[in-house]
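The following exercises concern the packing of helices and nonpolar side chains. Each task is followed by a solution in steps.

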Amino acid sequence: MIRIKKYIKRTIVILLIIVALAAIAFKLYTMNYYRADTKTIKEIERAGDVVVKKYDKNTLAFFPKDVTPKAGIVFYPGGKVEYKAYSGFMYKLAERGYLCLLPRMPENLAFLRLDAASNLDLDETKVEKWYIGGHSLGGVAAGQYLSDEYSDGETKFSGLILCASYVTSDLTDSELSTLSIYGSNDGVLNMEKYRENKKNLPDLIEKVIKGGIHSYFGCYGKQSGDGKSKISNEEQLNEAADIVPEWIEKNRK
C-alpha cells in the first residue's frame with residue numbers, strides 16, 4: 001500500500017513537471033511575435049480621415065468619418081502578430097466607408113479566442129450587414145468560428161473575407177459567400193492546403209494581388225519565409241482595400 005502511494009505521488013509530481021514545462025515552452029513560443037510597424041501605420045493615418053477609438057477594452061474600432069457605414073467587418077489578426085499591425089488595413093477599409101472592428105487575441109493567437117466576434121455588441125452600431133474575416137491563421141480561426149455558429153443554427157455574418165488564408169471547416173451548407181485574397185509572391189501560405197480546402201467553401205471568389213506577399217496584409221515588416229514583394233506595403237493594402245468593397249457590393253445584390 002505504501003509503495004502504491006509513493007508511486008501515485010511520484011506520478012503526480014512527474015505530470016505536474018511536464019505540465020509546467022509545457023506551459024513554459026508555450027509562453028516562450030508566444031513571446032516571439034511580430035510587432036506592429038507604427039511608422040507605416042502613422043503614415044497611413046496621416047493621409048486619411050477616419051475615427052479610431054476603443055470599442056471595448058479588447059477591441060479597436062475604425063469608423064468612417066461623417067458617413068453612415070455601408071457595412072461592418074470584424075477582422076481576426078494573424079497568428080503571432082500584434083493585432084495593431086492590422087490597423088493600416090482597417091484604416092483603409094474605413095476610408096472606403098466600412099466600420100471595422102479589430103479584436104486583440106490572447107497571446108496573439110486567434111484560436112485562443114475563437115468567439116471574439118460573439119463578445120462584440122454589434123447591434124449598438126446600427127450597422128445591418130456584417131462580415132467576418134482574418135489574415136493567415138486568423139482567417140482559419142474566423143472560418144472555424146462560422147462553422148461553430150452554423151452548428152448552432154445561424155450566424156449574424158453575411159460572408160467571410162480571407163486574406164492569405166483558407167478554411168479547414170466545412171461551410172458548404174452555410175450558403176455563405178467567401179472572398180479570398182492572396183499575393184502572387186506569398187512565400188508563407190501553403191498553396192497545397194489552400195487548394196485542398198477550397199472544397200469547404202460554397203461560394204468562393206478569388207483575387208490575386210500581383211507582386212503581393214503574405215506579410216503585407218498587415219504592417220509588421222516581412223515575415224520569416226515570405227516571398228519577395230514587387231509592390232510596397234501600402235500599395236498592397238490599397239489594392240486589398242479596393243477588392244473588399246467591390247466584392248461586398250456585388251454580394252449585396
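A nonpolar core is a set of buried Ala, Val, Leu, Ile, Met, Phe, Trp, Tyr and Cys residues joined through side-chain atoms within 4.5 Å. The model examined here is predicted.

**Exercise 1.** Determine how many residues the largest nonpolar core has, and which elements supply it.

*Solution.* Step 1: the largest nonpolar core has 39 residues. F62, I73, F89 and V244 have the most contacts inside it. Step 2: at least two residues each are supplied by α2, β2 (59–64), β3 (71–76), α3 (87–95), β4 (98–103), β6 (157–163), β7 (177–183) and α6 (233–252). Step 3: with 7 residues, α6 gives the most to this core. Step 4: another core, of 26 residues, lies apart from it, and includes L101, A142, F157 and L171.

**Exercise 2.** Establish which residues of helix α2 are buried and which are exposed.

*Solution.* Step 1: α2 covers residues 38–47, and T40, I41 and I44 are buried in it. Step 2: viewed down the axis of α2, the buried residues fall within an arc of 100°, so they line one face of the helix. Step 3: K39, K42 and R46, on the other side of α2, are exposed.

**Exercise 3.** Compare the expected span of helix α4 with the distance between its end C-alpha atoms, and state what its buried residues pack against.

*Solution.* Step 1: α4 (residues 137–151) has 15 residues and, at 1.5 Å a residue, should span 21 Å. Step 2: its end C-alpha atoms are 21 Å apart, which agrees. Step 3: among the buried residues of α4 are G138, A142, Y145 and E149. Step 4: the buried residues of α4 pack against β3, β5 (130–135) and β6.

Technical notes: Residues numbered from 1 in each chain as written. Predicted model: local features only at pLDDT ≥ 70, side-chain atom pairs only at ≥ 80, totals over all residues. Heavy atoms only, no water. Buried < 20%, exposed > 50% of the residue type's maximum accessible area, 1.4 Å probe, protein only. Helix = DSSP H or I, 4+ residues; strand = E, 2+ residues; numbered from the N terminus. Arc of directions from axis to C-beta. Expected span 1.5 Å × (residues − 1). Contact = heavy atoms within 4.5 Å.
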